[in-house]
Amino acid sequence: MRQRTLCLIKPDAVNRNLVGAVLQAIEAEGLHVCALRMIHFTKAQAEGFYAVHRERPFFDSLATYMCSGPLVACVLEGENAVARYRTLMGATNPADAAEGTLRKRFAQSLEHNSVHGSDSPESAAGEIAYLFSTCDIVSR
Ligand code: GDP
């Protein structure tokens with residue numbers, strides 16, 4: 001099934017000039033970039049993006065980190081894009097991530113784990129709508 005998913009290249013990775021390396025891995029996997037922009041979140045915008053985690057003990061730290069510098073947001077499109085991109089990212093904690101995954105290669109810690117990917121087609125739709133308007137997205 002052809003799907004869209006949201007990828008964020010988080011501030012730790014943008015700060016270390018890893019944007020090109022992440023996009024290269026995404027394109028090598030056969031996923032298509034169909035929207036791309038840089039964003040520097042305010043604290044309120046970061047809290048809104050991660051609102052699902054608002055009760056978690058790490059929420060404030062996560063929101064502070066996510067607005068600590070610019071990030072790159074991309075919409076990816078392809079067959080089964082949500083699961084394929086989650087597999088490419090690897091486990092949330094880089095210590096558990098498989099060899100060759102983005103988080104194994106690039107993450108600095110559980111929180112500073114370099115990339116975000118939507119966890120379902122439903123969350124992808126909500127996250128994409130939070131960051132992009134319809135006319136920003138092309139079909140690939
Ligand atoms: P994901 O879907 O793999 O990104 O994982 P989650 O939705 O569970 O968590 C969202 C993000 O919060 C993760 O990507 C990490 O950046 C961060 N995070 C998750 N668990 C923890 C934790 O226990 N402590 C801290 N400080 N950050 C966490």
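Visitor: What makes the backbone of Glu111 a polar contact of the ligand?

Guide: A backbone N or O atom of Glu111 lies 2.9 Å from an oxygen atom of the ligand. A polar contact is a pair of N or O atoms within 3.5 Å, so this pair counts. Polar side-chain atoms of Arg86 and Arg103 also lie by ligand oxygen atoms, at 2.9 Å and 3.0 Å respectively. The protein covers 79% of the 550 Å² of accessible area (Shrake-Rupley method, 1.4 Å probe) that the ligand has on its own.

Do keep in mind that this is a predicted model, where local features need pLDDT of at least 70, side-chain atom pairs need 80 or more, and totals for chains, interfaces and linings use all residues. Residues are numbered from 1 along each chain as its sequence is written, and side-chain values use heavy atoms, without hydrogens and water.

Visitor: Why is Phe49 called buried or exposed?

Guide: Buried means under 20% relative accessible area, exposed over 50% and partly exposed in between (1.4 Å probe, protein chains only). Phe49 has 7%, so Phe49 is buried. Tyr50, one of the residues around the ligand, also has 7% and is therefore buried.

Visitor: How do you know which kind of aromatic pair Phe49 and Tyr130 form?

Guide: Ring centres must lie within 6.5 Å; planes under 30 degrees apart count as stacked, over 60 as edge-to-face and the rest as tilted. For Phe49 and Tyr130 the values are 6.1 Å and 55 degrees, so the pair is tilted.

Visitor: And what makes the pair of Phe49 and Tyr50 stacked, tilted or edge-to-face?

Guide: The whole structure has three aromatic pairs. In this one the centres are 5.1 Å apart and the planes 85 degrees, so the pair is edge-to-face.

Methods. A residue is near a molecule or strand if one of its heavy atoms lies within 4 Å of it. A polar contact is a pair of N or O atoms within 3.5 Å; within protein, one must be able to donate a hydrogen and the other to accept it, and residues adjacent in sequence count only if both atoms are side-chain atoms. Rings of Phe, Tyr and Trp (its six-membered ring) pair if their centres lie within 6.5 Å; planes under 30 degrees apart count as stacked, over 60 as edge-to-face and the rest as tilted.
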